[in-house]
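Good morning, everyone, and thank you for making room for me today. I would like to walk through one model slowly, beginning with its sheet and then turning to some helices and single residues.

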Amino acid sequence: MRSKDKISYFYDGDVGSVYFGPNHPMKPHRLCMTHHLVLSYDLHKKMEIYRPHKAYPVELAQFHSADYVEFLHRITPEKQHRFMTEMAKYNLGEDCPVFDNLFEFCQIYAGGTIDAARRLNNHLCDIAINWAGGLHHAKKCEASGFCYINDLVLGILELLKYHARVLYIDIDVHHGDGVEEAFYFTDRVMTVSFHKFGDLFFPGTGDVKENGEREGKYYAINVPLKDGIDDTSFTRLFKTIISKVVEFYQPGVIVLQCGADSLAGDRLGCFNLSIDGHAECVRFVKKFNLPLLVTGGGGYTKENVARCWTVETGVLLDTDLPNEIPENEYIKYFGPDYSLRIPNGHIENLNSKSYLTTIKMQVLENLRCIQHAPSVQMQEVPPDFYIPDLDEDENPDERISQHTQDKMIQRDDEYYDGDHDNDQNMDDV
């Protein structure tokens, strides 16, 4: 048992200033809200806070195709009408719009996950947090599901330099398809995704039968769920499966994607999880005392996203937080009761005990098919990228003093209250 976990937390205020558009459910502003809630509970005093470096195109191209990275680098809202063929080729448009500072946004959130992986690799921390990361749908050559660069794949590739086996766990309401696809043919990464499946729910993949191919056969685990799953059912299934996975696979490090769209009341979600239920998964994974990289992900009711990731920061710090939200820059978003916890949802739970038992038995059966933890002949570790002429304020390990920690960003066009919600007429997609 580690005496006290050392935690590195990555944040850059610029990541929350980008705007996907007035009718788009993705609101990066939720990251500013999360950060200021973390500050208001004084959690920053218990961890090391870093501004991530902006990932270089060459780093992004460790997974993504160079032509796709280059296109993201040069496309702007003003120029996009001239590149309609490329826009279609790279799946840019309605779900994945081109907006101002798109590439810098990708560089920051990907840089945070890459830096988090490097700090873990170098034993500079036990747990690394990047709430801006977790964009699990992006593919090698195209954007998908509000995701442009797959920071999780890039972080896992870093971790594979030092660890024979990486375990990836995903509790977003959507299937972690981009990460699964990237590692579908290898036993060096086991992907485990708990998600809604069926009814043409995005992205349409993640059936229990999809379990990897070739050397990766049985190393992709999918837990397909139906609408309305509650805390008790979800956490019981999660703990049973993850404890067996860790026992069988014996990973050297865990990556945990904490998409908050699996919470009750999410604009795009359909589960009944409370924040405490969601956070219980984080608490359970932490107890394995393995190096742990934690990211955000989906989450479209942004005040609840901020609540959730703040509570989970507290869990990772072994700190219980009072339910009354302290005064902070974004306090008005948390009215009228200004409380940290949210009630469970009231969607009918369509996951019968027999259905969940069947899924659990199929997953455990697949696990029994893996021989044992694969051994890997580790070769000389390739170096981290040290690219010359780094700007001083882009040093990956620059500590941010509290006075210069970030920009206070508040968009008037994103604050909504009842009839003034600028997204109120948008149907859930």
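Before we look at the sheet, let me say that two strands count as paired if DSSP finds at least two bridges between them. Please also keep in mind throughout that what you see is a predicted model.

With that in hand, we can describe the sheet, which is an open one made of 8 strands, with parallel pairing, in the order β2-β1-β3-β8-β7-β4-β5-β6. At its edges stand β2, residues 48-50, and β6, residues 220-225, and because each has a single partner strand, one side of each is left without a neighbour in the sheet. From one strand to the next, the twist averages 15°. If we take one pair as an example, strand β1, residues 7-10, runs parallel to β2 and is joined to it by 3 bridges, and within that pair Ser-8 stands opposite Glu-48 of β2. For those who are new to sheets, strands pair through backbone hydrogen bonds, and this can happen in a parallel or an antiparallel way.

Let me now turn to the helices. Helix α5, residues 102-121, has 20 residues and reaches 29 Å from its first C-alpha to its last, which is close to the 28 Å expected at 1.5 Å a residue. Of those 20 residues, 19 are buried, so α5 is largely enclosed by the rest of the structure. Just after α5 comes His-123, which takes a positive phi of about 55°.

Helix α9, residues 275-286, has 12 residues and reaches 17 Å from its first C-alpha to its last, close to the expected 16 Å. Here 10 of the 12 residues are buried, so α9 too is largely enclosed by the rest of the structure, and the buried ones include His-278, Glu-280 and Lys-286. What covers the buried residues of α9? The cover includes strands β3, β4, β7 and β8, together with helices α8 and α10. At the start of α9, a side-chain oxygen of Ser-274 comes to within 3.3 Å of the backbone nitrogen of Asp-276.

Next come some single residues. Val-18 is found in the loop between β1 and α1, and it counts as buried because its relative accessibility is 5%. Not counting residues up to four places away in sequence, Val-18 touches Pro-28, Phe-99, Asp-100, Asn-101 and Phe-105. The last of these brings us back to α5, since Val-18 and Phe-105 are 87 residues apart in sequence and yet 7.2 Å apart in space, C-alpha to C-alpha.

Asp-177 lies in helix α7, residues 177-182, and with a relative accessible area of 8% it is buried. Its side chain is joined to that of His-137 by a polar contact of 2.6 Å, and, beyond its neighbours within four places in sequence, Asp-177 is also in contact with residues including Lys-139 and Pro-203.

Finally, how many disulfides does a search of the whole structure find? The search finds 0. If we ask why Cys-106 has no such bond, its sulfur is 9.6 Å from the closest cysteine sulfur, in Cys-147, which is too far. Cys-106 is buried, with a relative accessible area of 0%, whereas Cys-369 is partly exposed at 31%.

Definitions and conventions: Residues are numbered from 1 along each chain as its sequence is written. This is a predicted model: local features need pLDDT of at least 70, side-chain atom pairs count only at pLDDT 80 or more; totals for chains, interfaces and linings use all residues. Side-chain values use heavy atoms; hydrogens and water are left out. A disulfide is a pair of cysteine sulfur atoms within 2.5 Å. Buried means under 20% relative accessible area, exposed over 50%, partly exposed in between (1.4 Å probe, protein chains only). Helices (H or I, at least four residues) and strands (E, at least two) are DSSP runs, numbered from the N terminus. A polar contact is a pair of N or O atoms within 3.5 Å; within protein, one must be able to donate a hydrogen and the other to accept it, and residues adjacent in sequence count only if both atoms are side-chain atoms. Contact means heavy atoms within 4.5 Å. Axes are lines fitted to C-alpha atoms, for helices over the stretch in contact, and angles run from 0 to 180 degrees between N-to-C directions. The expected span of a helix is 1.5 Å times one less than its number of residues.
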